[in-house]
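The following paragraphs walk through a structure, from strand pairing to helices, core and interface. Please keep the sequence and the model at hand while reading.

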Amino acid sequence: MTNEGNHQELLKKYTPMEFACCAAYKYCRDGTNVFVGVGLSLLPAQLAQKTFAPNITIIYEGGTIGSTPVGRVPWCIDDTVIQANAECHTDVLSALGWLAQSGRVDLTFLGAAQVDKYGNINTTLYGADYTKPAARVTGSGGAHDLAIGSRNFVVIMNHKADRIKEKLDYYTSPGFCEGGRSRWDVWGFSGGGPAAIITDLAVLKPNLITYELEIAEAFPFTTLEEVKKNTGYEIQVAQNFKFTDVPAENEIKIIREVLDTTGDFTGWKKLVADKAAAAKGGA
Amino acid sequence: MKTKLMPLSDAVRKFVRDRAMILAGGFPMSRQVNVFCKEILRQRKAGNIKVNDLFWVEPGIGFGGSLLIAEGVVDSVISTFSGHGRPGLSVITRRALEQGIPRKIKWEDESNLTLNSKIMAGALNLPFVPCNSGIWGDLKKPGLWDRAHPYPKNVVMEDPYGSGQKVALLQALRPEVSVVHVPFADTRGNGLIVGSLYYDFWSGRAGKNIILIADHIVDSEMCARFPNLVTVPGVGVTAVVPWYMGSWPCNCPGLYGEDLEHMTSFVKVCRDESTLRPYIDKYVYSWKTHEDYLELIGKDKVKSLESNPSEVLAEPFRKFIYPEEKVRELLAEAGAQEKKPDTSPVA
């Protein structure tokens, strides 16, 4: 099953965001410092902590260091549920200026509205005209600073042709800048840039010569054609391309029973409800 | 000892000036100066202050900032983020930026590191500060200011000491007023924050005038016992406004959690003028006293917000909290003190 796609029946068991979360958390390493943002990027670090990497230290940009959420998934990086059991509370300048810029952040999970073929990120707005955007989104927050200083980062986002594209509507945070080694040779950024862009369809990784994003993995419920169709530029397929493994039982168990109990982040509750409805209909 | 206590209405009347830079503390869901924003609108409506073009600087435009924008009194914004966390994007900010409703606002985008650095530079009386961020992409370009407005964006330069590293020189921000919400402050203005500090270590040092909105006024004995934990030193603070639940519906770690239910409904309410208008009338303009304000939130709601995982953080400091009665007396004394002439031998 691992090397063929189009297994649409998998979507009856798992949501695309559960696939994304299970692909993303594997980028953590035990004993390292992991920086997390808001929304879906909160889940993978916690999943890693609950499985193979109990000793990671989670850092939030408000300045909270080494805390684990109490009672529920935090709704924002300044939620009280992450402020109760921290090792240390500092400020934004310590988190983004000191820790991130001095190479002490090993991995960061970021969200994105758009990503271009070099992994540069837009989290500010849609539309060509800055003065009259078609849609305004959150803004940089600390993403720009983490994209520069974090040793690596992983982006989690939706896969659509107008979101993964040749040129961005607004360049908020640097990935591999203008491609090739420009990130380091021209701009001199200390961090390593995006390790992967993980979407609800696939895992994109940089080609290590051109630093263009390629399809490294696709989730087994989709096909390469579908991934290409939903990408806004001529995307290449990586040499060692494979279909992603199906999430393990314990991963799904932890996501549903411990981390995202309400289903707000991964949307798994709807799956279960559909299944129950189908069973009822069948009976 | 001269007290810095001041009623909320006085603080707004005294320090909020049109077009003067106002820096607000907190983060999208936490310790935002929400009651201060409401009071600006209330005092304006009462005709006590004339503000139509506020110059608002805030790390993340969340609840209070959105209300100001919704009422059309904000002219310019410097920020890094707009939104309410999981409850949703800031509908009001979006409408203003996308459609110019209720008016066009001038908006400058920063990142959290660049904006916090600019605030630090201002506090340290530096003209600019170098930063790793802000040399690449669109953040270094000017945003929506008129060309007449003095807000030069980043100058990029190479390390003059020869390392070859590129840095952005960020111009310092010098707010006229900086408003920071703290759980505890004494009458001298020493503020103690528990939980993340966000920008507030430097926001509590920046600004010609620094105003603290404090949930609790505490005995100065607290500072004597924990002097290393005082986050905002009173020596720089101009006024302390006592206002319990002043950050609601945002949280104040140690004291109360975020009101997720209210925030979620607020995001919904914002989508339509016909629901937003009654909301603003009720939650901004309808109440008169602090009691009314708490009543509006609801006693049961306050209780449920008070019980949250972060309450242990406040434990060591609770015994220093002055009862409400005492705070009222102190406020009255502060009013009387204001009227006394200065008797220093050398004027």
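How many bridges join β10(A) to strand β12 (residues 194-198) of chain A, and do they run parallel or antiparallel? There are 4 bridges between these strands, and the strands run parallel. The model is a predicted one. Within this pairing, A:F153 has A:P194 of β12(A) as its bridge partner. β10(A) also pairs with strand β5 (residues 107-111) of chain A, again over 4 bridges and in the parallel sense. Here A:V155 of β10(A) is the bridge partner of A:L110.

The side chains of strand β10 (residues 153-156) of chain A alternate: A:F153 and A:V155 point one way, while A:V154 and A:I156 point the other way. All four of these residues are buried.

Chain A also holds an open sheet of 3 strands, in the order β7-β6-β11, with mixed pairing. Its edges are β7 (121-122) and β11 (164-165); because each has a single partner strand, one side of each is left without a neighbour in the sheet. The pairing of strand β6 (residues 114-116) with β11(A) is parallel and comprises 2 bridges. In that pairing A:V115 lies opposite A:I164 of β11(A).

Two of the strand residues described above reappear in the nonpolar interior. The largest nonpolar core has 184 residues, and those that touch the most other members are A:V154, A:V155, B:I22, B:L212 and B:V241. Helix α1 (residues 16-24) of chain A is the element that gives the most to this core, with 7 residues. For B:V241, leaving aside residues up to four places away in sequence, the residues touched are B:M6, B:L8, B:A11, B:I211, B:L212, B:I213 and B:A214.

In chain B, helix α2 (residues 34-45) can be checked for length. At 1.5 Å a residue its 12 residues should span 16 Å, and the end C-alpha atoms are 17 Å apart, which agrees. The helix is mostly covered, with 11 of its 12 residues buried; B:F36, B:I40 and B:L41 are among them, as are B:K38, B:E39 and B:R42. Against these buried residues pack α1 (8-15), α3 (63-70), β10 (177-185), β12 (209-217) and α9 (273-285) of chain B. After α2(B) comes B:G47, with a positive phi near 80°.

What surrounds α4(B)? Of its 9 residues, 7 are buried, so this helix is largely enclosed by the rest of the structure. The buried residues are B:V91, B:I92, B:T93, B:R94, B:R95, B:A96 and B:L97. Their cover includes β9 (135-136) of chain A, together with β3 (60-61), α3, β5, β6 (106-109) and α8 (260-269) of chain B. Just after the helix, B:G100 has a positive phi of about 70°.

The cover that chain A provides for α4(B) leads to the interface between the chains. There, 52 residues of chain B are in contact with 47 residues of chain A. On the chain B side, β5 (81-82), α4 (91-99), α5 (112-123) and α6 (200-203) each supply at least two residues. The most comes from α5(B), with 5 residues. By type, the residues on this side of chain B divide into 23 nonpolar, 22 polar and 7 charged.

Key: Residues are numbered from 1 along each chain as its sequence is written. Chains are lettered from A and ligands numbered from 1 in the order in which they are written. The expected span of a helix is 1.5 Å times one less than its number of residues. A residue is buried if 20 or more other C-beta atoms lie within 10 Å of its own, exposed if 12 or fewer, and partly exposed in between; C-beta atoms are placed from the backbone. Two residues are in contact if their C-beta atoms, placed from the backbone, lie within 7 Å. Ala, Val, Leu, Ile, Met, Phe, Trp, Tyr, Cys and Pro count as nonpolar, Asp, Glu, Lys and Arg as charged, and the others, Gly among them, as polar. A nonpolar core is a set of buried Ala, Val, Leu, Ile, Met, Phe, Trp, Tyr and Cys residues joined through C-beta atoms within 7 Å. Two strands pair if DSSP finds at least two bridges between them.
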